[in-house]
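Biologist: I am new to this structure and would like a close look at a single part of it, taken slowly. Could you choose one element and build the picture outward from there?

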Amino acid sequence: MTINTKQEGSKMTITLEGRLDTLTAPELEEVIKEQLHGITDLVFDLKDIAYVSSAGLRVLLAAQKVMNRQGNMVIRNANEDVMEIFDVTGFVDILNIES
Amino acid sequence: MRELDIAAIDDNLNTVLDLVSEEMEKMDCPPKIIIKMTVAVEEIFVNISHYAYGEGTGNAKILVETKEDPRGISITFIDSGVPYDPLKKEDPDINLSAEERQIGGLGIYMVKQTVDEIDYRYEDGKNILHVFKSF
């Protein structure tokens, strides 16, 4: 998975590419632990993410919890397969997903 | 029937996933179902690699068999770790808020939502988990 972060002031966009799974989720977890200080708007662009497993969901949940305390988080461009995973797991109600 | 007998460690995840998707592609399985099964197989294999052998390590045997009637894929996961029936795990409450959400049990819940059949047995000191997905 490739992680690209772009920060403008207090807004950050994290663009992910590949699979958000057991092997790659720890990399994203590091970014969330280390780079969200002072961020009030966080955007995840998932347009090139093929699928998300429970390890990936766990990290997105952790990011959501951080952003609940300090601002907003939005998920963009999730494909149909990823949306289905969000749906089945109830994450559609936890995450702010833009269609 | 394809068989893989490998160390149950996360580093071997892609080997397992490659085998399963290869077999499904041979059967012209729709890509959508391959993706769903990839997630399901990851959840099962990672459960074994993280929990079956405690602090130690051991092997997992994976049997992959494609079927014609009904058309689908049958996958059996065998490990010699601590007896553990994942089907006994209570489904997570998927209606809770982010703050209340317990993340445990989500993986096996996703598996159950994906496959058509799932059964577990403990036999001769082995955990045997079998799933079937038709397509």
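Modeller: What follows starts from one helix of chain A and then moves to its surroundings. Please keep in mind throughout that this is a predicted model.

The helix is α2(A), which covers residues 54–70. At 1.5 Å a residue, the 17 residues of α2(A) should span 24 Å, and since the C-alpha atoms at its two ends lie 25 Å apart, the model agrees with that expectation. Several of its residues are buried, namely Ser54(A), Ala55(A), Gly56(A), Leu57(A), Val59(A), Leu60(A), Ala63(A), Gln64(A) and Met67(A). As general background, an α-helix has 3.6 residues a turn, so residues three or four places apart point the same way.

One neighbour of this helix is α1(A), made of residues 25–35, and the two helices pack at an angle of about 10 degrees, with 9 Å between their axes. Because an angle under 35 degrees counts as roughly parallel, α1(A) and α2(A) are therefore described as roughly parallel to each other. From the α1(A) side, Ala25(A), Leu28(A), Glu29(A) and Ile32(A) take part in the contact, and they meet Ala55(A), Gly56(A), Arg58(A), Val59(A), Ala62(A), Ala63(A) and Val66(A) of α2(A). Sorted by class, this contact of α1(A) with α2(A) holds 8 nonpolar, 1 polar and 2 charged residues. Ala55(A), Gly56(A), Val59(A) and Ala63(A) are among the residues that meet α1(A), and they are also listed as buried.

The helix also has a part in the meeting of the two chains, a contact to which chain A brings 19 residues and chain B brings 20 residues. On the side of chain A that touches chain B, the elements giving two or more residues are β3 (41–52), α2 (54–70) and α3 (80–88). Among these, α2(A) gives the most, with 7 residues. By class, that side of chain A consists of 8 nonpolar, 7 polar and 4 charged residues.

Since β3(A) has now been mentioned, the sheet of chain A deserves a place in the picture. It is an open sheet of 4 strands in the order β1-β2-β3-β4, with mixed pairing. The strands at its edges are β1 (2–8) and β4 (72–76) of chain A, each of which pairs on one side only. Neighbouring strands are turned against each other by 15 degrees on average, when direction is ignored.

Going through the pairings from one edge, β1(A) and β2(A), the latter covering residues 11–20, pair in the antiparallel sense over 7 bridges, and here Glu8(A) stands opposite Lys11(A). These two strands form a hairpin with 2 residues between them, and Gly9(A) in the turn has a positive phi of about 60 degrees. β2(A) and β3(A), by contrast, pair in the parallel sense over 9 bridges, with Val52(A) in β3(A) as the bridge partner of Leu20(A). β3(A) is joined in turn to β4(A) by 5 bridges, and these strands run parallel; in this pair, Asp41(A) has Asn72(A) of β4(A) as its bridge partner.

To return to the part chosen at the start, α2(A) packs roughly parallel to α1(A), and it gives the most residues to the side of chain A that touches chain B.

Note on methods
Residues are numbered from 1 along each chain as its sequence is written. Chains are lettered from A and ligands numbered from 1 in the order in which they are written. This is a predicted model: local features need pLDDT of at least 70, side-chain atom pairs count only at pLDDT 80 or more; totals for chains, interfaces and linings use all residues. Two residues are in contact if their C-beta atoms, placed from the backbone, lie within 7 Å. Ala, Val, Leu, Ile, Met, Phe, Trp, Tyr, Cys and Pro count as nonpolar, Asp, Glu, Lys and Arg as charged, and the others, Gly among them, as polar. Axes are lines fitted to C-alpha atoms, for helices over the stretch in contact, and angles run from 0 to 180 degrees between N-to-C directions. Angles under 35 degrees count as roughly parallel, over 145 as roughly antiparallel, 65 to 115 as roughly perpendicular and the rest as oblique. The expected span of a helix is 1.5 Å times one less than its number of residues. A residue is buried if 20 or more other C-beta atoms lie within 10 Å of its own, exposed if 12 or fewer, and partly exposed in between; C-beta atoms are placed from the backbone. Two strands pair if DSSP finds at least two bridges between them.
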